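Student: Hi! Could you walk me through this structure in plain words?
Tutor: Happy to. Let's look at it together.

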Amino acid sequence: MRMLLIHSDYLEYEVKDKALKSPEPISEEQKKGRLEEVLAVFMSVEKADESNPEEVVEKAVAEIKDVASQVKANRIFVYPFAHLSSELAKPDVALKVLQRIEERLREEGFEVKRAPFGYYKAFRLSCKGHPLAELSRTIVPSG
Ligand SMILES: Nc1ncnc2c1ncn2[C@@H]1O[C@H](COS(=O)(=O)NC(=O)[C@@H](N)CO)[C@@H](O)[C@H]1O
């Protein structure tokens, strides 16, 4: 799993076209989304993660919690992003991992939005530009 974490004034997206034959089914209201004062986390789920998705979920949640506490963010935007790796996991595994990360972050008390999976999306992001505003993390399952 590769993550790019951007501490932002806001992140907003708008769904455009399908990027997969069968993208995640979404409601009308999910076609657009915006959060202010947010830690945006762009995530590429990788082939290697398929060996132990649950472990990768827990490690990703721990990393996101750590960065969120450093930058004092209590909102997280989980953003599926297929361009941080050349070894992508299959879409069905990737979606489950991202959905579980969203669930676990909510359990940890964060306000969370997740951008729709399998669509081309327009997005705007306002990076805060402080020293910890742009971070990346790589997570590999130990198994
Ligand atoms: N492993 C993955 N990690 C994160 N997002 C993914 C992953 N696989 C697919 N997606 C989602 O599906 C969208 C399309 O994925 S893609 O790899 O870019 N494109 C495709 O798979 C098809 N266009 C065939 O190449 C991505 O924008 C993202 O929303």
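**Two helices and some rings**

Tutor: In this predicted model, the axes of helix H1 (residues 53-71) and helix H2 (residues 91-107) come within 9 Å and cross at roughly 45°. Axes are lines fitted to C-alpha atoms, for helices over the stretch in contact, with angles from 0 to 180 degrees between N-to-C directions. Helices (H or I, at least four residues) and strands (E, at least two) are DSSP runs, numbered from the N terminus.

Student: What do we call the way H1 and H2 lie to each other?
Tutor: H1 and H2 are oblique to each other. Angles under 35 degrees count as roughly parallel, over 145 as roughly antiparallel, 65 to 115 as roughly perpendicular and the rest as oblique.

Student: And which residues in H1 and H2 meet?
Tutor: From H1 there are Pro53, Glu54, Val57, Glu58, Ala60, Val61 and Ile64, and they meet Val97, Arg100, Ile101, Arg104 and Leu105 in H2. Contact means heavy atoms within 4.5 Å.

Student: New topic: how many aromatic pairs are there?
Tutor: The structure holds 6 aromatic pairs. Rings of Phe, Tyr and Trp (its six-membered ring) pair if their centres lie within 6.5 Å; planes under 30 degrees apart count as stacked, over 60 as edge-to-face and the rest as tilted. One of the pairs is Phe42 with Phe123, which is tilted, at 5.6 Å centre to centre and 45° between the planes.

Student: Where do Phe42 and Phe123 lie?
Tutor: Phe42 is in strand S2 (residues 32-44) and Phe123 in strand S5 (residues 119-127), so their pair ties together parts 81 residues apart in sequence. Ring pairs also link Phe42, Tyr79, Phe81 and Phe123 into a cluster.

Student: Is Phe42 buried or exposed?
Tutor: Phe42 counts as buried, at 3% relative accessibility, while Phe123 is partly exposed at 37%. Buried means under 20% relative accessible area, exposed over 50%, partly exposed in between (1.4 Å probe, protein chains only).

Student: What about His7, where does it lie?
Tutor: His7 lies in strand S1 (residues 2-18) and counts as buried, with 6% relative accessibility. Beyond its neighbours within four places in sequence, His7 touches residues including Val38, Val71, Cys127 and His130.

Student: And Gly129, buried or exposed?
Tutor: Gly129 counts as exposed, at 57% relative accessibility, and sits in the loop between S5 and strand S6 (134-138).

Student: What should I keep in mind about the numbers?
Tutor: Residues are numbered from 1 along each chain as its sequence is written, and side-chain values use heavy atoms, leaving out hydrogens and water. As this is a predicted model, local features need pLDDT of at least 70 and side-chain atom pairs count only at pLDDT 80 or more, while totals for chains, interfaces and linings use all residues.
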